[in-house]
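Colleague: I'd like to practise turning values into labels. Can you show me the model and talk me through it?

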Amino acid sequence: MSKQPDSKPLNEHEHTRTGMSVDALKRAFQDNLLYVQGKHPDVATYHDLYKAGAYTVRDRLWGRWIKTAQTYKKKHARTVCYFSAEFLLGPHLANNMINLGIYDEASEAAEIIGLNLDELLDQEEEPGLGNGGLGRLAACYLDSLATLQIPSIGYGIRYEYGIFDQEIHDGWQVEISDLWLRNGNPWELPRPKLRYPVKFGGHTDHYSDADGNLRVNWIPDLEIMGVAYDTPILGFGVNNTNLLRLWSSQASESFDFQAFNQGDYYGAVEAKVAAENISKVLYPNDEAVVGKELRLKQQYFFVSCSLQDMIRLHLQQNENLEGFHHKFVAQLNDTHPSIAIPELMRLFIDDYEMGWDQAWEITRNTFAYTNHTLLPEALETWPLDLFGSLLPRHLEIIYEINRHFLDDVRMRFPWDHARINRMSLIGEDGERRVRMANLATVGSFAVNGVAEMHSELVKTTILKDFYECAPEKFHNVTNGVSPRRFVQLSNPGLCQILTRLAGKGLTWNPDNLRVLEQYADDQVFHQEWREMKRTAKLHLSGLIKQQTGVVVDPDSLFDIQVKRIHEYKRQHLNVLHIVTLYNRLKQNPGMDMAPRTFIFGGKAAPGYFMAKLIIKLINSVGEVINNDPDVNGSMRVVFFPNFNVKSAQSIFPAADLSEQISTAGKEASGTGNMKFSMNGALTIGTLDGANVEIREEVGDENFFLFGLTAEQVVERKMQGYHPHDIYLGNPDLREAIDLINAGIFSHGDSDLFRPLTDDLLYHDPYLVLADYQSYIDCQSEVDHAWRDRDHWNRMSILNVARMGKFSSDRSIRDYCERIWDVDPVPVES
């Protein structure tokens, strides 16, 4: 008689390092606490416990990564290399548990051990590798690349100090060092033997080799090493685990014994200090020359390491570099990495002795460039003297690229000298400068904008000449955001609703989300929707009280604007509306107004005075309003400090109204607008960036539109714009500005905010006053709509139902089809 199957649980033999059951996770946690960290539970701190949890999850990633790397190598997979100066990843632990499908199991294992998973998650330091939308977009794309099983490597810098932590002192922003690595980073794996030399300064020697070919030898003043640190990036519901490889700068020789023995103790470690400075801090203040020099060094440092790494990987399976552009496509995330184009040429020509024509053919078919800005002042340029002193060989190569390129332009437009000057890689107006956007465009096989409107404006404004020369090179890929991070992790209430209606196999695509539309008029469902939203608002209310001391009403309308503080994003327009409401309430205490909580968040660049003054104004207005019993029952104003990915996960789900009020034609895309709408917030906004497409998707009737169009903005400026006349002709606006100038919000100091109000009255480059009345009228529509809660809920439900297009998964599919020509490579379990 055959033996009956054992009735013991199937997870009995699950490996501690790889098992996915509650029992395996519990055993792994205990092992990692004891054997990796050397801590007994009786003396372990909560941070020790967090790290044990992180190592437990990381173990399950590395096995998948090794299998992924083997699969990609075996299949000779074409690989996307995403070059970005920043990756704003956010906390790893919870996101990786969701992607592994073990969030509930981990929570249960923690409970058995006697721990609270949420308290463990709170211990995680946010990786300080990014600043704003650019870095967060890069992180979303890494998530989607892995989820869609696209072979990829993210390349960037392992900053020791990230974007500063923001504290608010007396209403002013104060920058505090972001010591995100002080307790170590359990998610990264150092690769000390994976290091590459990077040169700076010096001079070049030109000579002829034995065959009579011209060769160049770059003799640098400084050579440092770039050392790799790897972080696994797991896809959702798949085994594919891609790689984020970041470079840390180190000295070639870290200690000079001769200098030390001669008593020069600083000189003994001077090279180490100079080298490590390069990856020390994210975005140093570049107002001074030394800051500009450091930024250029950072950009060159990481692209040089990355390209050397790609060449190493290619030569592991190929005898030469002829097919390099078939193996790799390198996406330049804005102009910061565009120095990669002359660097790849240098490596090919100088190190591998390739001819110019072949090197250029491979190089220009390797790179693709994403433009992220329409602001001319934000298009990166470098003074020729600075560039040449740091990278003399690259300046020679850029001159040669420019010579070949302009010869082609002259053939097509022989008498158009103005066009030739505009398209040159070297700007000759005033101080001679290297134009990095022109370099990126010339050296790439594809150029894309990040929203339909933005892409059209790229073709008709900043890169118009290049588009007219090569229209086939230009594309649009509208940005997207990760629904794993910004819905599934951030908004469990909404996720439960979506899972119940669309099934456990829910993926963020239009077909699955559209199921919500049939519930848009269901009163029972409306009640569930309100409860879901109120739960999120209660949670945020608690955080606001904890962070600021301000008590807010979770039943009020949460009107939220969180993003980088910049004049073109027009936080001060929002403030003018608040001051107008305050003035009306003071003059008419019985005014009927739906209670509203105005929530701001975001950081100003350390050297950006006007942005920091806007933060001070927000806090000063809030201080007065929140302490005025005549109005604080109807309105509150909060500035949430140190806005980052972790706090965003609590803010987006709680929003009722999303403020997307930039001047039309200035915002490339925006991604915060998408995160808000995905979580059921309604948008008040201009026809700018991705707002245009969001409005098209959710429906005009479910979007609060105001303001001039991009065309009207240009026309208004061409006709002569006089903001002071608007001030004189609009009583509400005049009273709001006069109230600020009178010192009502500055303890009687009538000069404090004068730089801001004078700029609005006599310059107003972002047409705040021109859009003021339209904005005020639109906000009145918001107030009216909020009172009809059934109608509001219907609009909120339809926003979520129709936001499938704005998943970063769709963006990556577009890149794969339109630009990269890359296919998925599934990894078997």
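Colleague: How many disulfides does a search of the whole structure find?

Modeller: Zero. A disulfide is a pair of cysteine sulfur atoms within 2.5 Å. Keep in mind that this is a predicted model, where local features need pLDDT of at least 70 and side-chain atom pairs count only at pLDDT 80 or more, while totals for chains, interfaces and linings use all residues. Residues are numbered from 1 along each chain as its sequence is written, and side-chain values use heavy atoms, leaving out hydrogens and water.

Colleague: Why is cysteine 495 too far for a bond?

Modeller: Its closest cysteine sulfur, in cysteine 140, is 16 Å away, so a bond is out of reach. Cysteine 816 is in no disulfide either: the nearest cysteine sulfur, in cysteine 81, is 13 Å away.

Colleague: What makes cysteine 816 count as buried?

Modeller: Buried means under 20% relative accessible area (exposed is over 50%, partly exposed in between, with a 1.4 Å probe and protein chains only). Cysteine 816 has 10%, so it counts as buried. Cysteine 495, at 13%, counts as buried too.

Colleague: Why are α2 and α3 called oblique to each other?

Modeller: The axes of α2 (residues 46-74) and α3 (residues 93-100) come within 10 Å and cross at roughly 45 degrees. Under 35 degrees is roughly parallel, over 145 roughly antiparallel, 65 to 115 roughly perpendicular, and the rest oblique. That's why the pair is oblique.

Definitions and conventions: Axes are lines fitted to C-alpha atoms, for helices over the stretch in contact, and angles run from 0 to 180 degrees between N-to-C directions. Helices (H or I, at least four residues) and strands (E, at least two) are DSSP runs, numbered from the N terminus.
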